Amino acid sequence: TLFMLERAAVIERAYLPGSRTYTTRLLKPDASLDSLKIDFERLQAKRERDTQKLKRMIKYVDAHGCRHRYILDYFGDEEAEDRCSHCDNCLAGRSDQVRKPTADERVMVQKALSCVARLDGRFGRGRIAQILFGSKSKEIIDANLDRQSTYGLLQGLGTDGIWQLLDGLVAADCLSISEGKYPVLSITPLGWDVMTGKQDIALRLPTHGTSVRSRPNELAGMEADIDRDLFNLLRDWRRRKAAELGGIPAYRVYSDETLRHLAMRKPDNLHKLETVKGIGPAKIEQFGEETLELILAHEASAAE
């Protein structure tokens, strides 16, 4: 936009002497918008291209499959392997595989879609997740959202699982996200058909919450060895970190399963930390030092 204003001789831009900083001077303060020789169609086309690039980047960040494969697919490489065994998703054992829900999972999907439909495109994923979980936050109570018939219907799934379910429904075109400063969720015609039982579709279902509970044999042996105080400490830190990162789902920092492994194994250096399930190079770079500091501080306090 500044480039176009400069070409229209409305502003003048130049470097400050001895600096790399631009200075901008208004040349025509009284110029009307209609008199400016600006190609607004070109400007709008650029905006749309930039929006599409941003959406592709967000899709890459949210991807559950191999990131290497995702990038190669983008550049048209059809010979790429399904898994690289090096990116954070491959190392964490995450999968982009979709499947049709079971009877119980179908009810779970319908509850989520019903919540979005009843809210009529007024709220984003964060608020909808709070309603389905049954949050008692001030924002929910003050807006009387706790009176919604869908309030707390998916509490057993956990907030991470609800976020994953909503993401899966967006990817399956059952829900749509509006553009703008405050994106909101709306149900699509396909979403209506799924909600009312007219159509059954495959989608990526949550890998946290209820699905974690479906592996009792795997977790049963761990529970006795988990330091519950450390687990709670790590979980509180994860919640704060997720809020710092713009209110992302907590599982994008670490999953509950990863927290359990941390509270059981208590790694004391980066090499040991990288061997914990769900922690790859990207997680090490982003959260490694803080994670170790928490664990080491907890162990030091416990030894006193």
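**Exercise 1. Place Lys 283 in the chain and decide whether Lys 283 is buried or exposed.**

Lys 283 has its place in helix α15, where helices (H or I, at least four residues) and strands (E, at least two) are DSSP runs numbered from the N terminus. This is a predicted model, in which local features need pLDDT of at least 70 and side-chain atom pairs count only at pLDDT 80 or more, while totals for chains, interfaces and linings use all residues. Residues are numbered from 1 along each chain as its sequence is written, and side-chain values use heavy atoms, with hydrogens and water left out.

Step 1: take the relative accessibility of Lys 283, which is 15%, so that Lys 283 counts as buried; buried means under 20% relative accessible area, exposed over 50%, and partly exposed in between (1.4 Å probe, protein chains only).

Step 2: list the contacts, where contact means heavy atoms within 4.5 Å. Not counting residues up to four places away in sequence, Lys 283 touches Arg 252, Val 253, Tyr 254, Gly 278 and Gly 288.

**Exercise 2. Describe the surroundings of Asp 167 and its distance in space from Arg 204.**

Step 1: Asp 167 lies in helix α8 and is buried, with a relative accessible area of 8%.

Step 2: leaving aside neighbours within four places in sequence, the residues in contact with Asp 167 are Arg 125, Arg 204, Tyr 251 and Arg 252.

Step 3: of these partners, Arg 204 is found in the loop between α9 and α10 (210-213), and Arg 204 also counts as buried, at 15% relative accessibility. Arg 204 and Asp 167 are 37 residues apart in sequence, and their C-alpha atoms are 8.4 Å apart in space.

**Exercise 3. Check the length of helix α12 and work out which of its residues are buried and which are exposed.**

Step 1: helix α12 (residues 228-244) has 17 residues and should span 24 Å at 1.5 Å a residue, and because its end C-alpha atoms are 24 Å apart, the two values agree. The expected span is 1.5 Å times one less than the number of residues.

Step 2: Leu 230, Phe 231, Leu 234, Trp 237, Arg 238, Lys 241 and Ala 242 are the buried residues of α12. They cover an arc of only 135° around the axis, which puts them on the same side of α12; the arc is that of the directions from the helix axis to the C-beta atoms.

Step 3: an α-helix has 3.6 residues a turn, so residues three or four places apart point the same way.

Step 4: on the other side of α12, Asp 229, Arg 239 and Ala 243 are exposed, whereas the cover over the buried residues includes α8 (158-171), α13 (256-265) and α15 (281-303).

Step 5: examine the two ends. At the start of α12, a side-chain oxygen of Asp 227 comes within 3.1 Å of the backbone nitrogen of Asp 229, and α12 is followed by Gly 246, whose phi is positive, near 95°.

**Exercise 4. Identify the elements that give two or more residues to the largest nonpolar core.**

Step 1: a nonpolar core is a set of buried Ala, Val, Leu, Ile, Met, Phe, Trp, Tyr and Cys residues joined through side-chain atoms within 4.5 Å. The largest has 33 residues, and Leu 113, Leu 165 and Leu 175 are among those with the most contacts inside it.

Step 2: the elements that give two or more residues to this core are α5 (103-119), α6 (125-133), α8, β4 (185-187) and α9 (189-195), and α5 gives the most, with 8 residues.

Step 3: apart from this core lies another, of 19 residues, including Ala 242, Val 276, Ile 284 and Ile 295.

Conventions:
Polar contact = N/O pair within 3.5 Å; in protein donor to acceptor, adjacent residues only side chain to side chain.
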